[in-house]
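Please take me through this structure by question and answer, beginning with how the model should be read.

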Amino acid sequence: MNKILLCCAAGMSTSMVVQRMEKAAKEKALEVEIKAISFDEFSSEIEQFDCCLLGPQIKYKLADFKKIADESGKPIAVINPMDYGMMNGEKILNDALAMIASGEG
């Protein structure tokens, strides 16, 4: 099972994206675990997940978080702002799965 971590300022707006991603995964019969957290929780959570996607509103945290993610061997990237704004769960899910498969963000 792939485990995907989404991180944003407070974990609230991203939780809606999680719901859309879970719906897309269910439609494709994929087993995934997706969790939304605030950026304060990033360091303590990243170890337990296969990759991390950051909400566009905290893309300024990418450089700092990438160092931590790299130490754990976890790919990390910022969610495409258009996909995030449109709550395109299927596209965001596909992007996360592609990151896990390639091992890079």
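The questions below turn to a core, a strand residue and a loop residue.

This is a predicted model, in which local features need pLDDT of at least 70 and side-chain atom pairs count only at pLDDT 80 or more, while totals for chains, interfaces and linings use all residues. Residues are numbered from 1 along each chain as its sequence is written, and side-chain values use heavy atoms, with hydrogens and water left out.

Q: Which elements give two or more residues to the largest nonpolar core?
A: A nonpolar core is a set of buried Ala, Val, Leu, Ile, Met, Phe, Trp, Tyr and Cys residues joined through side-chain atoms within 4.5 Å. The largest one has 21 residues, and those touching the most other members include Ile4, Val17 and Leu53. The elements asked for, as DSSP runs (helices H or I of at least four residues, strands E of at least two) numbered from the N terminus, are strand E1, helix H1, strand E2, strand E3 and helix H5.

Q: Is Val32 buried or exposed?
A: Val32 belongs to strand E2, and its contacts (heavy atoms within 4.5 Å) beyond four places in sequence include Ala25, Leu93 and Leu97. Buried means under 20% relative accessible area, exposed over 50% and partly exposed in between, with a 1.4 Å probe and protein chains only. Because its relative accessible area is 19%, Val32 is buried.

Q: Which backbone oxygen does the side chain of Lys74 reach at 2.9 Å?
A: Lys74 sits in the loop between helix H3 and strand E4. A polar atom of its side chain lies 3.3 Å from the backbone oxygen of Glu47. At 2.9 Å, the side chain of Lys74 reaches the backbone oxygen of Phe49.

Methods:
A polar contact is a pair of N or O atoms within 3.5 Å; within protein, one must be able to donate a hydrogen and the other to accept it, and residues adjacent in sequence count only if both atoms are side-chain atoms.
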